[in-house]
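Hi,

Here is the model I said I'd pass on. Have a look at it first, and my notes follow underneath.

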Amino acid sequence: MSAITITDAAQDYLADLLEKQNTPGIGIRIFITQPGTQYAETCIAYCKPGEEKPDDQPIGLKSFTAYIDAISQPFLEDALVDYATDRMGGQLTIKAPNAKVPMVNEDSPLNERVDYYLQTEINPGLASHGGMVSLVDIVDDNVAVLRFGGGCQGCGQVDLTLKDGVERTLLERIPELTAVRDVTDHTNRENAYY
């Protein structure tokens, strides 16, 4: 059962919009940009067949499918999509009370917290460069070992980006972390021959 409620009025309104797209099988995709931060924005976008992501959660509605972004899902807990009419016409409203609430706290395991900030704060910024970062492991002395993928891999700027942005953000958010390393640690020149 999904945590998000899409009222009949909202479904009718969206179905009407979708019909005008003249694309068989078109649905909507609901996602949050920068979930768990004060900048969180809940978005609804058209989703043509094939545009949904593999880990989206599909919700079959009366006349179309809504795809819920996997990372956004916990933040859409108790969310309500409604269509309210007034004298000026109508408006689609989205209330997502948990969109800005971090899904981790001081008691969450270190790896969950690192992962959380990577997903919510760091990756959205790197995505514009086609990059992404994932947590490989937390090693001795609370050092986070990260893997850079996509546009970041082998990029000459990776040291700069890593030391500068990613490390600063993580150490700010998670005081117990002592350092951040890249899995292909560029400071380790011993293995630089391959």
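T33 touches Y39, A40, E41 and C43, leaving out residues up to four places away in sequence; contact here means heavy atoms within 4.5 Å. C43 is ten residues from T33 in sequence, and their C-alpha atoms are 7.5 Å apart in space. T33 itself sits in strand β2 (residues 27-33). Helices and strands are DSSP runs numbered from the N terminus, with H or I over at least four residues for a helix and E over at least two for a strand.

Is T33 buried or exposed? Neither, quite: its relative accessible area is 31%, so T33 counts as partly exposed. That label covers the range between buried (under 20% relative accessible area) and exposed (over 50%), using a 1.4 Å probe and protein chains only.

Before you go further, a word on the numbers: this is a predicted model, where local features need pLDDT of at least 70 and side-chain atom pairs count only at pLDDT 80 or more, while totals for chains, interfaces and linings use all residues. Residues are numbered from 1 along each chain as its sequence is written, and side-chain values use heavy atoms, with hydrogens and water left out.

Now the sheet that holds β2. Four strands make up this open sheet, in the order β3-β2-β5-β4 and with mixed pairing; two strands pair if DSSP finds at least two bridges between them. β3 (41-47) and β4 (57-60) are at the edges with a single partner strand each, so one side of each has no neighbour in the sheet. On average, neighbouring strands here are turned by 25 degrees against each other, direction ignored.

How many residues lie between β4 and β5 in their hairpin? There are four. β4 pairs with β5 (residues 65-68) in the antiparallel sense over four bridges. Among the facing residues, P58 is opposite Y67 and I59 is opposite A66.

There is also an open sheet of three strands, ordered β1-β6-β7, again with mixed pairing. Its edge strands are β1 (5-6) and β7 (89-95), each pairing on one side only. β1 and β6 (residues 80-86) run parallel and are joined by two bridges, and T5 has L80 in β6 as its bridge partner. Helix α1 (residues 8-19) lies across β1, β6 and β7, at about 80 degrees to β6. For the angles, axes are lines fitted to C-alpha atoms (for helices, over the stretch in contact), and values run from 0 to 180 degrees between N-to-C directions.

Cheers
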